[in-house]
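Q: Please take a close look at one internal cavity of this model, the second largest, and describe what lines it. Add a description of the open sheet afterwards.

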Amino acid sequence: MNPFVYFSRVSNEAIAVDHIFFALTALSIVIVGVVFLLLLVFSVRFRADNPVHRRKPPRIFEYIWTPATFFLFLFIFWWAAANQLGALDHPKDSLDIHVVAKQWMWKVEQPNGVREIDEIHAPIETPVRLVMTSQDVIHSLFLPALRIKQDVLPDRITYLWFTAQKPGIYHLLCAEFCGTEHSRMTGRLVLMTQPDYARWSRSQGPSRGLAAQGEKLFRSLGCSGCHGPNSSVHAPDLAGVYGREVHLSDGRVVTADEAYLRDSILKPGSAIVAGYKPEMPSFAGTVGEDDMVKLIAYLKSLAGHTTINQQGERR
Ligand code: CUA
């Protein structure tokens, strides 16, 4: 792979990050330069045997210099923080690609059910969100060309999103020491135009969409027995629950995102919906990370969340 690929920038966010980086570097060089220049001038001019008038410098320099540098660096802080906070907020209609990290590989599931190992295919000019979790230890997914990185944690879901502008093949790295093979836990990010991505999805052969696989699991695990419309058990109806606000019995109001759905399946006692009894058994140990991805995809599809079908078209 071309070593210069490290310098490629494939999203507007990456360019914004570079602007901050270069501005901070340039500013630091200028300040270090000025300090060293003054150091040199003063050490020559005020050396011990130089008969120069040693009066106190006027205070005004201090009054200007101190606040000026303070506000300059405060500006850099504001610039970087505003950028980072903006990056936390993902667009509503993102294409969700699930990533499960394990020692030492990246397992990827496309919305249409196509599975990949150590590769993420994604379309450009589309907001893509990576919904990530780990099967064992802490990993960190790093996409240098997009200037984004996020820890991938066991027992938790973390997110990363981007809207890429340039097709191509870029690095995918693990940026957290996760064991002896950590340095080999690499892969490729393949960015394609939207028609190419649709064509690629189709060429991966017939696969049942993630949501369809999840629906099958939902039945085989017995979830539908209690959560189905004709159930005699008093359990919350899950149609449209994804993305909704849920009132819990302890007074909290939470948004039913991926993390909430996951917790409700593995640790049902941790968040009881107001008006319901804590009757649900835990599925920890029964539902692995791969199955969890499918179940969550199914629950999301019940809420009309954007998915892509087998033909690679967005719905
Ligand atoms: Cu996974 Cu380092």
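A: In this predicted model, β1 (95–102), β5 (128–134) and α7 (289–302) each supply at least two residues of the lining of the second largest cavity. The largest share, four residues, comes from α7. The full lining consists of H98, V99, V131, M132, T133, I157, R262, E289, M292, V293 and I296. By class, seven of these residues are nonpolar, two are polar and two are charged. Both domain 1 (1–46 + 90–207) and domain 2 (210–301) take part in the lining, with at least three residues drawn from each. The space in the second largest cavity is about 70 Å³. A search of the whole structure finds three cavities of 30 Å³ or more.

Now the sheet. Five strands form an open sheet in the order β4-β10-β9-β6-β7, and the pairing is mixed. β4 (119–123) and β7 (148–152) stand at the edges with a single partner strand each, so one side of each is left without a neighbour in the sheet. On average, neighbouring strands of this sheet are turned by 20° against each other, direction ignored. Within the sheet, strand β6 (residues 139–143) pairs with strand β9 (residues 168–174) in the antiparallel sense, over two bridges. F142 stands opposite L173 in β9. Helix α3 (residues 194–203) packs on the sheet, where α3 touches β4 and β10 (187–192). The direction of α3 makes about 130° with that of β4.

Methods. Residues numbered from 1 in each chain as written. Predicted model: local features only at pLDDT ≥ 70, side-chain atom pairs only at ≥ 80, totals over all residues. Heavy atoms only, no water. Pairing = 2+ DSSP bridges. Axes fitted to C-alpha atoms, helices over the stretch in contact; angles between N-to-C directions. Contact = heavy atoms within 4.5 Å. 1 Å grid on protein atoms, 1.4 Å probe; cavity = no way out; pocket = protein on both sides within 12 Å on 5 of 7 lines; lining within 4 Å. Points joined across faces, edges and corners; volume = space filled by probe spheres on them. Nonpolar A, V, L, I, M, F, W, Y, C, P; charged D, E, K, R; others polar. Domains from an automatic or database assignment.
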